[in-house]
Amino acid sequence: MHRFFCLLLLGLLSVPFIAAQGDFVIRDYRVDLALQQNGEFHVTERLTVDFLVPRHGIKRDIPLKYDVSPDVSGSSIDRWFSHELFLRQLRVEGHPFEKQFIGTGVQLKIGDPDRFVSGRQEYAISYTVQNGILFGKKADELYWNLIGDQWEVPIDEAGFRITLPHNMRPEDCN
């Protein structure tokens, strides 16, 4: 069995922390990623958002396709096609939401179209990702952009936690 190689591209560096002033600011963005034994992983995103002007809510874009080298994935098909991910068990606690597929991902419109919110709001988005682990020739790889690169508002603080399956030790990750 391949030694499991954990690589996580931290989207934290690619996020525009100093962005053009918008209608809201993300005060805190926390991501919990729990890797499952079957290779899927469960993601919970918790956002604390401060609305500077009344809005209906937020939009969250989740990428579902990305380019990967066949040398990394171990699949020659990745030479010609983007690697595709699948989401299931998508939920947003305490807020209505709509899901629509756009481009190479899915967009969540979170909030009530008939109601404005202002001030501090909490959002919890959870979903399970299938096909997110690349089973390569030399090692297996977890690649996940934690908070995406579609935010056009400032993010004051961000953090993450990764939980491994019970039979995997942190020292098994390189």
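Helices and strands here are DSSP runs, with at least four residues for a helix and at least two for a strand, numbered from the N terminus. On that basis, the chain of this predicted model comes out with 1 helix and 13 strands. Reading from the N terminus, the order is β-β-β-β-β-α-β-β-β-β-β-β-β-β.

As for how the chain packs, buried residues account for 43% of its 174 residues. Of the contacts between residues at least 6 apart in sequence, 74% link residues at least 24 apart. The chain exposes about 10000 Å², and 51% of that comes from carbon and sulfur atoms.

The largest nonpolar core takes in 37 residues, and the ones with the most contacts inside it are I26, F41, L47, I58, W144 and W151. Several strands chip in with at least two residues each, among them β3, β4 (57-63) and β10 (117-130). The top contributor is β2, with 6 residues. Taking I26 as an example, and skipping residues up to four places away in sequence, its partners include L47, V49, W151, V153 and I155.

Then there is E45, which sits in strand β3 (residues 41-55). E45 counts as buried because its relative accessible area is 0%, and the cut-off for buried is under 20%. Its side chain makes polar contacts with two tyrosine side chains: Y29 at 2.7 Å and Y127 at 2.5 Å. Beyond its neighbours within four places in sequence, E45 also touches R30, V31, R60, Y123, A124, I125 and L146.

How values were computed
Residues are numbered from 1 along each chain as its sequence is written. This is a predicted model: local features need pLDDT of at least 70, side-chain atom pairs count only at pLDDT 80 or more; totals for chains, interfaces and linings use all residues. Side-chain values use heavy atoms; hydrogens and water are left out. Buried means under 20% relative accessible area, exposed over 50%, partly exposed in between (1.4 Å probe, protein chains only). A polar contact is a pair of N or O atoms within 3.5 Å; within protein, one must be able to donate a hydrogen and the other to accept it, and residues adjacent in sequence count only if both atoms are side-chain atoms. Contact means heavy atoms within 4.5 Å. A nonpolar core is a set of buried Ala, Val, Leu, Ile, Met, Phe, Trp, Tyr and Cys residues joined through side-chain atoms within 4.5 Å. Accessible areas come from the Shrake-Rupley method with a 1.4 Å probe; for residues, only the protein chains shown count as cover.
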